[in-house]
Amino acid sequence: MPVIAVVGGQWGDEGKGKIIDLLAGRAHVVVRAQGGDNAGHTVVNPRGKFALHLVPAGIFNEQTRCLIGPGVALNPDTLLSEMDELARRGVATNNLVISARAHLVMPYHPLFDRLEEEARGAGAIGTTGRGIGPTYADKVARAGIVAGDLLRPDRFREKVRTAVGRKNRILDRLYGAPPVDADVIVETYLGHADQLGEYIAESEPILEQALKDGRTILLEGGHGTMLDIDHGTYPYVTTTSCTVGGLLNGAGIGPRHLTTAIGVFKAYQSRVGGGAMPSELLDATGGHIRERGHEYGTTTGRPRRVGWFDAVAARHSMVVNGFHSIALTRIDILDDLDELRVCVAYELDGERIGHVPSQIEDLARCQPVYEGMSGWRTPTGEAQSWKDLPRQAQEYVRLIEDSVGVPAGLIGVGQEREKTIFTGALP
Ligand code: GDP
Ligand code: IMO
Ligand code: MG
């Protein structure tokens, strides 16, 4: 009864969507477990190229149940657009299930996201503006509205009116902003409920049955470990637990059931939004990687900051997640480089350290300590097996494997599903 978690090992956009799409063919259920439409997961397969924000990347397999789990922040408007787009392109979505427990992103949440970011001024986090932080803040404050409420219009109306009453007082007194209209929200969302109602269900029996039957369950992580609310570069983080533990919890599956945890890492790294990233490349090499890798946000289109592979952050991610193996994506993006570097330690105030400091001010002062090697300067995009990779590319993979302490079971050499090398190291 394999339960496989696929988790971002860095600051997001590692290629989780591709790996889920690749593995989903053998899964009975794929669960998006946390986060919301702040995620942008790209899939390139024989059906075309897709940018998914809420729909699990297993959707291309009709036999796979795709569950939006209890831990997700669900924006019904985005979900409906995504479902329409998939339907328009011939991808059926009748295998989709929405957990009744998933919290709803309400129209005032993106509004508060914007106002809070403005109030942060120079310390702005650089959120995606999707209202995810305010949605989870309401959830934790026990003031949230869940997908299951959409099925009970009277209760839904009452909850929205109560919430809007409080929000409008804050909008007026704290931000001097105009009020939102509860009745308009109720109308719009009950309209969404007409379309989404049939997908909303109790997710627990589905997972219980799949576990009992020994079926394969894939957990699809949103974001990355360094953006985790507890273990990331706080406060420049998202508002969920993006780790293996967070996924199990967000899906509603006990840790005993987990069989494999795969950490997805880019062969270099990227970050969108604010916050320190010690191995950031602000020079021409960074520009080259950004353009060659088309490192622009899937959700917001913002240019992504890029940097050398940070093995210090990767080890942090290893400890927090306990990965069995890694999926190393995008080595093809490095094909043109003369020299490659891996950040093996930080220097903080003249002292060499091997861990990620907890205080963001300290992390911002960390200087990267690099180990370098020459590049392979050979296209890797057509490589189908380990032996097809140039020797320096193999050495680079080994260097990363040694630094994180587990083997790369999958190596990505292109966007397309089939541009993936199975090394045999996947448990
Ligand atoms: P996610 O959020 O982790 O799913 O990642 P994104 O989809 O936001 O960004 C990863 C990008 O890398 C997408 O454009 C993927 O299609 C692409 N990608 C994934 N693996 C590879 C790979 O091995 N090589 C190349 N060139 N692109 C890849
Ligand atoms: P995927 O799943 C990259 C970042 C935002 C911002 C911070 C907080 O595609 O890897 P939020 O809107 O979540 O409150 O923003 O987190 N962020 C991501 N960066 N990929 C993502 O998702 C991200 N999700 C959130 O850029 O810095
Ligand atoms: Mg992404």
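Here are some exercises with worked solutions on this predicted model.

## Exercise 1: The surroundings of ligand 1

Describe the shell of residues around ligand 1, going from its nearest members to its chemical classes.

**Solution.**

Step 1. Begin with the residues. The shell around ligand 1 has 19 of them, and G15, K16, G17, T42 and D332 come nearest.

Step 2. Place them on the secondary structure. α1 (16–23) and β3 (41–45) each give at least two residues to the shell. With three residues, α1 has the largest share.

Step 3. Look for backbone atoms facing the oxygens of ligand 1. A backbone N or O atom of K16 is 2.8 Å from an oxygen atom of the ligand, and a backbone N or O atom of R330 is also found 2.8 Å from a ligand oxygen. For G412, a polar backbone atom lies 3.2 Å from an oxygen atom of ligand 1. Taken alone, the ligand exposes 580 Å², of which the protein buries 95%.

Step 4. Sort the shell by class: 10 polar, seven charged and two nonpolar residues.

## Exercise 2: The surroundings of ligand 2

Which residues are closest to ligand 2, and which side chains have an N or O atom at 2.8 Å or 3.0 Å from one of its oxygens?

**Solution.**

Step 1. Ligand 2 is surrounded by 20 residues, the closest being K16, H41, T128, H223 and T238.

Step 2. Now take the side chains. H41 has a side-chain N or O atom 2.8 Å from an oxygen atom of ligand 2. R302 likewise has a side-chain N or O atom, here 3.0 Å from a ligand oxygen. To these you can add T128, with a polar side-chain atom 2.6 Å from an oxygen atom of ligand 2.

Step 3. Check the cover. On its own, ligand 2 has 540 Å² of accessible area, and the protein covers 97% of it.

Step 4. Finish with the classes. The shell holds 11 polar, six nonpolar and three charged residues.

## Exercise 3: The magnesium ion

Identify the protein donors of the magnesium ion (ligand 3), then decide whether each donor residue is buried or partly exposed.

**Solution.**

Step 1. The protein donors are an OD atom of D13 and the O atom of G40, at 2.0 to 2.1 Å from the ion.

Step 2. Locate both in the chain. D13 sits in the loop between β1 (3–8) and α1, while G40 sits in the loop between β2 (29–32) and β3; the pair links distant parts of the chain, 27 residues apart.

Step 3. Apply the cut-off: buried means under 20% relative accessible area. D13 has 22%, so D13 is partly exposed. G40 has 10%, so G40 is buried.

## Exercise 4: A buried aspartate

Find what the side chain of D37 makes polar contacts with, and decide whether D37 is buried or exposed.

**Solution.**

Step 1. D37 lies in the loop between β2 and β3.

Step 2. Its relative accessibility is 1%, so D37 counts as buried.

Step 3. The D37 side chain makes a polar contact with the side chain of T78 at 2.5 Å, and another with the side chain of R130 at 3.3 Å.

Step 4. Widen the view to its contacts. Leaving out residues up to four places away in sequence, D37 touches H53, L54, A73, N75, T78, R130, I132 and T299.

## Exercise 5: Helix α10

Work out which residues of α10 are buried, what covers them, and what is found at the helix start and just after the helix.

**Solution.**

Step 1. Helix α10 spans residues 311–321, and its buried residues are A311, V312, A313, A314, S317, M318 and N321.

Step 2. Their cover includes β1, α8 (244–251), β11 (260–266), β14 (309–310), β16 (339–348) and α12 (391–404).

Step 3. At the start of α10, a side-chain oxygen of D310 comes to within 2.9 Å of the backbone nitrogen of V312. Just after the helix, G322 has a positive phi of about 65 degrees.

## Exercise 6: Two buried residues

Describe where T135 and F50 lie, and list what each touches.

**Solution.**

Step 1. T135 belongs to helix α4 (residues 132–140), and its relative accessible area of 2% makes T135 buried. Not counting residues up to four places away in sequence, T135 touches A73, H103, L104, V105 and H109.

Step 2. F50 belongs to strand β4 (residues 48–52) and is buried, with a relative accessible area of 4%. With the same sequence neighbours left out, F50 touches H41, T42, V43, N45, F60, L86, R89 and V91.

How values were computed. Residues numbered from 1 in each chain as written. Chains lettered and ligands numbered in written order. Predicted model: local features only at pLDDT ≥ 70, side-chain atom pairs only at ≥ 80, totals over all residues. Heavy atoms only, no water. Near = heavy atom within 4 Å. Polar contact = N/O pair within 3.5 Å; in protein donor to acceptor, adjacent residues only side chain to side chain. Areas by Shrake-Rupley, 256 points an atom, 1.4 Å probe, with all protein chains shown as cover. Helix = DSSP H or I, 4+ residues; strand = E, 2+ residues; numbered from the N terminus. Nonpolar A, V, L, I, M, F, W, Y, C, P; charged D, E, K, R; others polar. Buried < 20%, exposed > 50% of the residue type's maximum accessible area, 1.4 Å probe, protein only. Contact = heavy atoms within 4.5 Å. Donors = N, O, S within 2.8 Å, 3.2 Å for Na, K, Ca; no water.
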